[in-house]
Amino acid sequence: MPLPPDTRIQHLLRDLAPRVLGAVTRRFCDFTASEDAVQEALLAAATDWPRDGLPENPCAWLIQVAARRLVDHVRAEAARRHREKIVVSLVPPEEQIALAADAEGATTERDDTLDLLFMCCHSALSPASAIALTLRAVGGLTTLEIARAFMVPEATMAQRISRAKQSIKASGIAFATPAAEEGTARLGAVMHVLYLIFSEGYASSSGSELIRSDLSSEGLRLTRMLHRLVPDDAEVAGLLALMLLTDARRAARTDSSGELVPLDKQDRTLWDRQALAEGLALINATLPRGTVGPYQVQAAIAAVHDEAASAQATDWAQILALYGLLERMSDNPMVALNLAVAAAMVHGPAAGLARLHALAADPRLQDHHRLDAVRAHLLERAGEREEAIECYRRAAERTASTSERTYLLLQAARLSETH
Amino acid sequence: MKYMLMMNTPGGGPYKITSWPQQDFRAHIAFMRSFATKLRESGELVAAEGLSGPDQAKRVRAASDGQPVTDGVFPEAKEFLAGYWIVDVESPERAYRIAAEASAAPGPGGKPLNMPIEVRQVMSEPPKDLP
């Protein structure tokens, strides 16, 4: 069914917005002013285009309208400053206007959008700021939408975004294509932010789950866009595959009453076949290509789970080997926990518990509910009922996730009832 | 007018939700979910949050240099705040009625808990034109 024309225009505007913002920011070197101007241009398009039809080159139209608005603002501002006899600007107004006259820039979509992502996800910003700014400037979400997704008041989110912009200004982060050697690190920061956006939506399952799962879709959409911009980057492909293979299980992750369903109990017929097929094809095409990084390995692990017809048919030996590989790549205690689970599945619960014992000394895992949750699971498999119940309860008291607490308490209750 | 409804739960005893049978625990969770949904649908819910367990709670004071000084964990506390609702209602009576409904959440054996709910009015801005 074709989309109604207004919806098509909205989709188009959303897709064009980051490229337009990137192009305008590059020209005017003032992110905040550029963003305001692009917002005005998008609004103008939303009213003009349904009435007058699409312009021949929608992207150029938007850039031109935004640039014109910005020039108007700059002129007004310059006049005001002139009156006040204060002239402070990174780029003198005359030069800004001169730059704007060059409507047909030499930059490409790839550079404009990518550099915008580099700026929004810069490591000088806190993750929370980077997430908010990326959703706003690249994702095109309204401040209200972002505030709802993170369950904070709109004024708080508006302030967070405005502070992020100030940090960019204050730390002198330039809107420019980073040098090749720096590019990898910058791309890594972008992937991390996109992954956080995706996980934020995926991990939630309480209250306004519909709004929150939109964050997963947005993380997926932005990663798809990034993959289109840098199709040769194996880690970006790996990240996209990881998201597809994880998101495919979304419908099976919670039951009708909203309770979490662990992977081994999920109804696999509920998995999204199309997303699975796309994710599997992507990771299978990517893995043999070049340097293997952590996102690709995580996608490969997800693929092994998703390819199994049933939980019993899971190839745990392969998963154990992949977690071993991942552990050598990253010093992450959560990876070590998952490695313990895989070891238990291959060599029996005692092997997993021995690994946990060694991990308990890690200060990053002290008081962490995941350690107790995994321990409880392995103790249960080892037949240590009482200890397992105690660990499930202790994990439940420590988790900050409502649905996870419910799940853990139900495990404890279930075990208490089996004599 | 806005009211905050605070669910204060004794540290042990029959309220110790961690030791309830599955069925009773499920019924309690289902009740809490539908309670929040009902308040949202009636347009009265402003906010509702559950708090994580008290065993990791800290009491914080500023030292003379302004730095935080944290004070232990209180697993033996007699009572702790388990969660709260903020509702925007027409009258205090309506707030009490909502509180009573929450108080009767099902406990072990499906029996109403009749737990105490503290109801406090939320301070509002002064009226626009004070005489």
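Two residues are taken to be in contact if their C-beta atoms, placed from the backbone, lie within 7 Å. In the predicted model, A:Val24 meets this criterion with A:Ser34, A:Ala37, A:Val38, A:Ile63, A:Ala66, A:Ala67 and A:Leu70, neighbours within four places in sequence being left aside. A:Val24 also belongs to the largest nonpolar core, which comprises 114 residues. Together with A:Val20 and A:Ala66, A:Val24 touches the most other members of that core. At least three residues of the core come from domain 1 (5-107) of chain A, and at least three from domain 2 (236-308) of the same chain. Another core, of eleven residues, lies apart from it; B:Met7, B:Leu39, B:Val87 and B:Ala95 are among its members.

In chain B, an open sheet is formed by four strands in the order E2-E5-E1-E6, with antiparallel pairing. The edges are occupied by strand E2 (45-50) and strand E6 (117-121); each has a single partner strand, so one side of each is left without a neighbour in the sheet. From one strand to the next, the twist averages 20°.

The pairing of strand E1 (residues 2-10) of chain B with E6(B) is antiparallel and extends over five bridges. Within this pairing, B:Ile117 of E6(B) is found opposite B:Met7, a residue that is also a member of the eleven-residue core. Helix H2 (residues 92-103) of chain B packs on the sheet, where it touches E1, strand E5 (79-88) and E6 of chain B. The direction of H2 makes an angle of about 155° with that of E6(B).

Key
Residues numbered from 1 in each chain as written. Chains lettered and ligands numbered in written order. Predicted model: local features only at pLDDT ≥ 70, side-chain atom pairs only at ≥ 80, totals over all residues. Pairing = 2+ DSSP bridges. Helix = DSSP H or I, 4+ residues; strand = E, 2+ residues; numbered from the N terminus. Axes fitted to C-alpha atoms, helices over the stretch in contact; angles between N-to-C directions. Core = buried A, V, L, I, M, F, W, Y, C linked by C-beta atoms within 7 Å. Buried ≥ 20, exposed ≤ 12 C-beta atoms within 10 Å, placed from the backbone. Domains from an automatic or database assignment.
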